[in-house]
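Colleague: Please take a close look at one part of this model for me, and begin with a word on the whole.

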Amino acid sequence: MPTPARRTWTAIVRILERDERVFAVLLAVVMVGGLATMGLALRPRFRIDLPSLVFWFAAYKVGILALVSVNPSPRKTRVVFSGALAVDLLLIFALLYLTGGYDSLFYLLFFPLIAVNAYYFGPWVGLASAVVAGLLYAAAAVLTPPWVGWNAVILLIGLVGLPALAVGLGANRERRARAEVERLNAELTGTLTRLRAAQDELVVAERMATVGRLSLKMAHEVRNPIAAIGLNAELVGDIVKERQGPDMEEAGSLVSAIREQVSALDALTEEYLAFARFPRPQYEEDSINEMVTALVEFIRPLATRQGAVLETTTDQALPPMAIDRTLLRQAVLNLVKNGLEALGGKGHITVSTRRVDDHAEIAIIDRGPGIRPEVAKRLFEQFFTTKPQGTGLGLYISRQVIEQHGGTLRWESVPGQGTTFTATLPIKRTQDV
Ligand code: ADP
Ligand code: MG
């Protein structure tokens with residue numbers, strides 16, 4: 001368990017961890033320390049109030065640290081540090097000028113300043129700063145004679161510039177190595193995360209596969225009894241129809257209620273099975289117009305019963321094309337059924353086909369309530385349904401089938417006005433998508 005003190009310390013280290021902050025702190029320590037040390041060697045004849053200079057210099061360095069801490073953009077930080085380097089160089093120049101030019105010891109401050117800056121800016125800025133330092137030294141000497149020649153200047157440039165070059169090169173190398181380590185680390189973390197996600201998915205997938213096999217078996221097993229119940233209910237209906245009397249009337253409506261439930265159950269298992277089997281499409285030349293017309297005829301009684309009007313318009317320019325009729329019919333049927341269910345009673349649905357360049361479009365347009373945004377987000381999710389008897393598989397299956405045909409399924413909806421689902425299929429399918 002880390003103690004509170006240790007935690008504070010860790011937090012401080014964490015804050016300082018960023019390169020810019022480390023640099024700002026190092027530079028502040030080195031420069032303020034250097035300036036303070038100079039106080040020991042300063043001759044009394046120069047009247048500079050060194051303690052307060054050290055104080056204000058320290059305050060200015062804290063300001064720089066604050067500036068790079070609140071403003072983390074690397075470009076701006078670089079600008080701040082460049083400005084600080086210029087200010088520091090000029091400050092040393094001023095001190096040199098005030099304390100006797102060549103005679104002054106303040107030129108020593110160039111060493112720590114440029115060495116630390118070379119760590120941040122790299123070898124070339126380090127070297128250039130050393131040259132600038134030499135020139136400033138010379139300028140201070142010229143302004144406060146006597147001028148004693150270039151030797152000391154060249155000495156300064158060499159003794160400051162060469163270590164700066166070395167420090168800069170070392171720092172660059174280290175930065176490159178660290179960037180590489182960080183890159184590898186990120187890569188490794190990404191791989192690990194993906195691996196873990198894949199493992200989790202595998203566990204879920206295995207469980208789903210078992211559940212899937214079970215439900216497939218279930219759906220399969222109940223289909224025959226459902227069909228038998230439906231058939232028997234139909235027979236009972238016929239018998240009841242032949243008899244007269246109020247009891248028989250009631251029996252008749254009960255039987256048709258049973259038949260309705262049975263056909264709902266049948267449709268439900270059909271959808272589950274279509275989902276679970278997911279056969280590979282068998283493509284054959286066929287007419288989409290014919291398929292749509294037949295489908296509309298098939299479902300019209302259902303629409304009429306709920307008071308809805310089902311219309312169809314077909315574009316004769318659509319040529320026969322390679323489709324899996326059974327699967328595509330199922331896909332369109334799901335969309336038409338959704339439209340009817342969205343109307344919930346009276347209303348209007350149009351199923352239309354259209355040729356657009358080298359594509360066939362099948363549009364299912366309903367004047368229902370539209371799709372709400374929170375439903376829209378999850379529309380194609382497996383098992384997502386807003387209906388008490390829904391499977392939540394219809395749209396998923398439709399889209400899958402249409403995509404297997406190399407097409408796309410898109411939708412538009414205006415709340416309160418209706419919804420349009422449009423399947424776009426290429427007339428010439430590129431091989432096996
Ligand atoms: P299900 O029909 O079994 O609910 P679907 O995948 O076919 O599953 O549809 C998912 C959901 O999308 C539906 O429950 C419904 O809320 C919404 N939806 C689909 N089509 C329409 C439509 N034409 N109008 C309004 N909502 C729709
Ligand atoms: Mg549906």
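What percentage of the 433 residues of the protein count as buried? After that, please go through the five-strand open sheet.

Modeller: This is a predicted model, in which local features need pLDDT of at least 70 and side-chain atom pairs count only at pLDDT 80 or more, while totals for chains, interfaces and linings use all residues. Residues are numbered from 1 along each chain as its sequence is written, and chains are lettered from A and ligands numbered from 1 in the order in which they are written.

Of the 433 residues, 26% count as buried (20 or more other C-beta atoms within 10 Å of the residue's own, with C-beta atoms placed from the backbone). The protein has 12 helices and seven strands, taken as DSSP runs of H or I (at least four residues) and of E (at least two), numbered from the N terminus.

In the sheet, the strand order is β2-β4-β5-β7-β6, with mixed pairing; a pair needs at least two DSSP bridges. β2 (308-313) and β6 (408-414) are the edge strands, each pairing on one side only. Within the sheet, β4 (347-356) and β5 (359-366) run antiparallel, joined by eight bridges; one links Val 356 to His 359 in β5.

Two helices belong to this picture. Helix α9 (288-305) lies across β2, β4 and β5, at about 170 degrees to β2. Helix α12 (394-404) packs on the sheet, touching β6 and β7 (418-426), and makes about 135 degrees with β6. Contact requires C-beta atoms, placed from the backbone, within 7 Å; angles run from 0 to 180 degrees between N-to-C directions of axes fitted to C-alpha atoms, for helices over the stretch in contact.

Notes:
Buried ≥ 20, exposed ≤ 12 C-beta atoms within 10 Å, placed from the backbone.
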